[in-house]
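Trainee: I should like to understand how the descriptive terms used for a structure are justified. May we go through them one by one?

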Amino acid sequence: MEAKEIEAKAKALTKAATQNEPASTILTMLKEIQQGVKATEDLLRQTRIGIIVNKFKQHKSPEVARLAGEIVSKWRVEVSKQKQGGASAASRGSSSPRPAQNGTGASTPASATPSDKTSKLSVPPDKRTWKADGVDTAVTKNRVRDSCIGLMYDGLCLGSTESPKAVLTKASAVENAAYTLLGPETKEEYRTKMRSLYQNLKNKSNPTLRTRVLGGEVSPEDFVRLSSDELRSAEQREADARIKKLNMDKAMVGQPERSISTSLQCGKCGQRKVTYTEAQTRSADEPMTLFCTCVNCGKSWRQ
């Protein structure tokens with residue numbers, strides 16, 4: 001597909017989402033994009049198709065969310081390979097001998113063209129950390145701030161195929177945004193926010209947060225302003241809502257009436273103010289079980 005056609009597909013996808021089109025319609029559109037788009041970094045930046053497809057990873061339809069995730073992952077790998085291939089070609093070109101100077105035929109010293117250690121991955125995506133990638137996080141020359149940059153790097157790089165250089169740039173931008181908003185680094189608000197961002201980035205049940213920040217869908221400035229609830233994935237918020245509703249429903253159910261006995265004595269405080277309920281927990285010819293709670297100290301037991 002040409003850029004204009006991809007942009008048209010992107011607009012159609014956005015319109016389908018806003019108008020709550022059926023999942024089958026969106027699936028058809030995504031499949032056409034999957035088959036027709038040959039991803040390059042320039043093409044994705046120009047058309048913004050990657051950002052738009054990435055949003056469908058949180059679609060309520062599992063099929064739509066899965067396909068959108070596959071497309072975005074495929075494009076990310078393709079772009080990463082293109083970057084690595086370009087870096088390798090540049091390295092080969094720079095290592096070739098220069099034309100002879102003054103007839104001596106001397107070649108350029110290796111030290112004149114240092115290799116960029118942060119241009120490609122050296123470990124599997126799920127094993128990445130700033131130490132494993134060989135990244136220097138001493139960006140600000142401030143121990144606390146550079147340590148926080150390392151935290152952000154570890155949170156962002158997990159499972160990612162982005163180059164170490166790109167991840168470090170984004171991690172530094174996030175730390176700088178937090179420092180600008182909540183700094184200096186000696187303030188507890190700054191440190192608490194950095195720890196919270198790291199924990200949310202590392203959360204395996206919220207993988208889309210990392211891709212949204214790395215992909216530019218969420219800017220560093222917006223990222224550091226998100227509340228704890230906003231940092232959670234849509235699935236997590238839905239699960240919390242279900243649990244909350246379940247607890248509310250349970251709380252509204254009438255509780256069985258509990259009798260108060262003065263003949264039962266609490267073994268903890270010795271008081272004879274004990275509530276109890278009876279239930280048949282054994283065979284029918286066995287006596288009922290008493291579930292007792294002391295009104296005075298709260299101790300519970302059964303007999």
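**Terms and their grounds**

Mentor: Let us begin with the whole chain, whose accessible surface comes to about 18,700 Å², with 51% of that belonging to carbon and sulfur atoms. Please bear in mind that this is a predicted model. The chain has 12 helices and four strands, and buried residues make up 33% of its 303 residues.

Trainee: What makes helix 9 "mostly covered"?

Mentor: Helix 9 spans residues 207–214, and six of its eight residues are buried. These are Thr208, Leu209, Arg210, Thr211, Val213 and Leu214. Glycine 216, with a positive phi near 90°, follows the helix.

Trainee: How do you know on which side of helix 2 its buried residues lie?

Mentor: The buried residues of helix 2 are Ile26, Leu27, Met29, Leu30 and Ile33. They cover an arc of only 165° around the axis, which puts them on the same side of helix 2. The general background is that an α-helix has 3.6 residues a turn, so residues three or four places apart point the same way. On the other side of helix 2, Ser24 and Gln35 are exposed.

Trainee: How does the reach of helix 2 compare with the expected value?

Mentor: Helix 2, residues 23–36, has 14 residues and reaches 20 Å from its first C-alpha to its last, close to the 20 Å expected at 1.5 Å a residue.

Trainee: Why are tyrosine 179 and tyrosine 190 called an aromatic pair, and what makes the pair edge-to-face?

Mentor: Ring centres must lie within 6.5 Å to pair, and an angle over 60 degrees counts as edge-to-face. Tyrosine 179 and tyrosine 190 are 6.2 Å apart centre to centre, with 90° between the planes, so both conditions are met. The structure holds one aromatic pair.

Trainee: Which parts does this pair tie together?

Mentor: Tyrosine 179 lies in helix 7 (residues 164–182) and tyrosine 190 in helix 8 (residues 188–202), so the pair ties together parts that are 11 residues apart in sequence.

Trainee: Why is tyrosine 190 called buried, and why is tyrosine 179 called partly exposed?

Mentor: Buried means under 20% relative accessible area, and exposed means over 50%. Tyrosine 190, at 0%, therefore counts as buried, whereas tyrosine 179, at 27%, falls in between and counts as partly exposed.

Trainee: What sits over the ring of tyrosine 179?

Mentor: The charged end of arginine 145 does, at 3.7 Å from the ring centre. The distance part of that description requires CZ of Arg to be within 6 Å, and 3.7 Å satisfies this.

Technical notes: Residues numbered from 1 in each chain as written. Predicted model: local features only at pLDDT ≥ 70, side-chain atom pairs only at ≥ 80, totals over all residues. Heavy atoms only, no water. Helix = DSSP H or I, 4+ residues; strand = E, 2+ residues; numbered from the N terminus. Expected span 1.5 Å × (residues − 1). Buried < 20%, exposed > 50% of the residue type's maximum accessible area, 1.4 Å probe, protein only. Arc of directions from axis to C-beta. Phe/Tyr/Trp six-rings, centres within 6.5 Å; stacked < 30°, edge-to-face > 60°. Lys NZ or Arg CZ within 6 Å of the ring centre and 35° of its normal. Areas by Shrake-Rupley, 256 points an atom, 1.4 Å probe, with all protein chains shown as cover.
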